[in-house]
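Biologist: Please take a close look at one part of this model, the part where contacts can be followed atom by atom, and describe it in one connected account.

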Amino acid sequence: MSNTPNKSAKPSNIITPAKIDWQMDDTGNSVPVSGHFGDVYFSHADGLAESRHVFLTHNQLPERLADLAPTQCFTIAELGFGTGLNLLATWQLWQQLRDTNPHLRDARLHFITTEKFPIPLTDLTHILTLWSQRAPELTAPIKSLLAEYPPLIAGCHRLNFSDDNLTVDMWFGDASESLSKLALEHVNQPAPHVDAWFLDGFAPSCNETLWSRDIFAQVQRLSHPKTTAATYSSAGTVKRILPEYGFEIKKVRGFGMKRQMLTAVMTGAENRDISNGHEKHDEKTNENPEARSSTVDHTIVIGAGVSGLLTAWSLASRGITVTLLDKSAPLAGASGNPRALLAPKMTPIHHVDEHLHTIGYLYSSRLYRAFNQEAAQLNMPPVLEITGALDLLIKANIGTEQIAEYPDEMATTLSDTQAKSSSGLLEQDLSENLYLPQSGLVNPQALKAIILSHPLIHFQPLDVDSIDETDQHVCVKGRHQNQDVVSMTADNVVICVAFESHQLDTRIFDCRKIRGQLSWFTPTIEQRANLPKIPLKYSGYCAPFIAQANDETINTVTADKPYLLLGASFIRNDTSMDVRAEEHQISREKLMVAIPEMASVIPTDTSSWQGRAGIRTQTPDYHPIVGQLVDSKRLWVMSAMGAKGYALAPICAEALADMMLGSFSPLSEAMLARLSPNRTRLQTPLT
Ligand code: SAM
């Protein structure tokens, strides 16, 4: 690894991890120093006390956070995540304030941070374990942060700490590039803005990049009048550049022996309208913390497949009441398979920061692991069974050389021997493979149960006939199963009914419909001994699983019985849902071609097999459809996940909820444009 990252020839979106050196601080504690820049991550006097003094006190966070209105979101952005000490200090303050201020129950903190040279997990664990001994009040946030710390790949990693209403977006890559990707304009919606900046680059004399004009142009773009900033530095360059980009600066006493530091207030941001829609941090709402905008209190989500469930969850986590409707039942459509394999379509690493599949995979596996903890507390089956998965690279767009560029904890290639031992396969050469250690099987029924247990999500069966939008609200009319006509109103409606979305609103692209059938059977004890031990991907996929309690509510399986799942057929323009013997054979055949030794294990007679057919919805460019409908203020869509709903829906739901409520999205502006319901590619109907 290069010691001089600035001169590295790597493409800018391939991450160089930080190199940590150790020194003794003033009180004999061992503290990290950047091996690249030769500067300290935090003060050698008392890093935590300095962080609180400079960034928390001098952005007036104790007062401003305590003054938030219910459901208000406060956004902090940081230049230089480093060891995460500033985040941890802020998090602990936020926990304290929420414990003592009941009105903050549904308020949110959004912490956006940037880091070009992220610290590897082993070093970070060492650094933060020392902090946890010095400052036990940080122990709980440290544990949560380390559990969620992402692999060191470029792009935005969203970490949601739901118990604390805290969202952390970690943008790995150059800060000015990352900030330039944050989208401001969501048509007809309030624009997001940063409320407080932590300017925490190394000293300008060691590293100028975080004090450059490019950076401050972005800082100004993302600020609004009254945005504050704080920095420990009072260097001449900093004093000069802040006013150039609209900040009024003030010199105040620095921490410890430091005579001066700077605080600043934005006075020169464009006077953007920040008051419409969901509550934002403005004077009015602060004067009256009880004030609450009524425009986004209640949303109707139509369609209770994976897109609808995750949309409901993202909105409910932001304090929005959600009525979730479906003409039959949750997971009655294509999302209701017994298990879904969570394994991304990979891309060469230099595209990874703009690759929805990778971002979606990493986010969903984090979210599902968090759901697992909730499920364990409620004595429910896990949402994600982490098994690891082996891709035989038969239909992949990446080879072993490109896989080697990924961090091993995310993707690696096993030796032939290791691959045989993990998979249980005996005969063929497995040396060309992609092994995904964090991959596994999603249990849709378990996911549904966790999401529907959210107190703000209310499911109702309703076959929706019409949606009428006015300036004040949206009215949805439909029929109950007993044919009673029902109408209800809400502030927003999100249409998540996959291939039927176009029927509900013709502005939504009429997508390609692809029937897919999954098959499963119970193997004998002898067969089981010879079947794959973990999920395998080839031109299809197979996975062993054991049915869990309540799985039978959506599929013909029996709890505690073992199964082998095989997928899947792809039949274009066929929307019937009958289970077909010939499609069992299609999935069997895919497995035989990829792994011939299975021919002697898997019966040719499939008459006892079970199956389920669903209709996949796909756009011509293969991207989902996520966003606001054209000429509408209150109608939204999330659809066209193809066969990847369990990997894509969670991050798309976050992006959608952020657009609806005027928060910063974890997806770049360019990516949001690629998902837009109004993109050019969707202007021409399919022939
Ligand atoms: N806030 C940190 C903490 O709480 O530990 C300390 C930040 S440290 C003083 C500065 C950080 O900025 C380092 O982690 C460094 O890798 C990062 N950095 C340097 N140049 C950068 C750039 N161009 N873009 C993003 N991060 C950068």
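Modeller: The domain bounds used here come from an automatic or database domain assignment, and the model itself is a predicted one. On that basis the protein chain is divided into domain 1 (49-279), domain 2 (298-333 + 447-511 + 621-682) and domain 3 (386-440 + 513-618). I take the contact of domain 1 with domain 2, whose centres, taken over C-alpha atoms, are separated by 31 Å. To this contact domain 1 brings 30 residues, while domain 2 brings 22 residues. The size of an interface is often given as the accessible area lost when the parts come together; between domain 1 and domain 2 the buried area is about 2,000 Å², with 56% of it given by carbon and sulfur atoms.

The polar side of this interface can be followed as well, since the rule finds 2 salt bridges across the interface of domain 1 and domain 2, and also 5 residue pairs in polar contact, both residues being at pLDDT 80 or more. A salt bridge joins Arg 158 to Glu 654, and the closest N and O atoms of this pair are 2.9 Å apart.

The ligand completes the account, with 22 residues surrounding it, the closest being Gly 80, Thr 83, Glu 115, Asp 200 and Asn 207. By class, this shell around the ligand comprises 8 nonpolar, 9 polar and 5 charged residues. Gly 80 places a backbone N or O atom 2.7 Å from a nitrogen atom of the ligand, Asp 174 has a polar side-chain atom 2.8 Å from a ligand nitrogen, and in the side chain of Asp 200 an N or O atom lies 2.7 Å from a nitrogen atom of the ligand. Of the 600 Å² of accessible area that the ligand has on its own, the protein covers 98%.

Conventions: Residues numbered from 1 in each chain as written. Predicted model: local features only at pLDDT ≥ 70, side-chain atom pairs only at ≥ 80, totals over all residues. Heavy atoms only, no water. Near = heavy atom within 4 Å. Polar contact = N/O pair within 3.5 Å; in protein donor to acceptor, adjacent residues only side chain to side chain. Areas by Shrake-Rupley, 256 points an atom, 1.4 Å probe, with all protein chains shown as cover. Nonpolar A, V, L, I, M, F, W, Y, C, P; charged D, E, K, R; others polar. Contact = heavy atoms within 4.5 Å. Buried area = accessible area lost by both parts, 1.4 Å probe. Salt bridge = Lys/Arg side-chain N within 4 Å of Asp/Glu carboxyl O.
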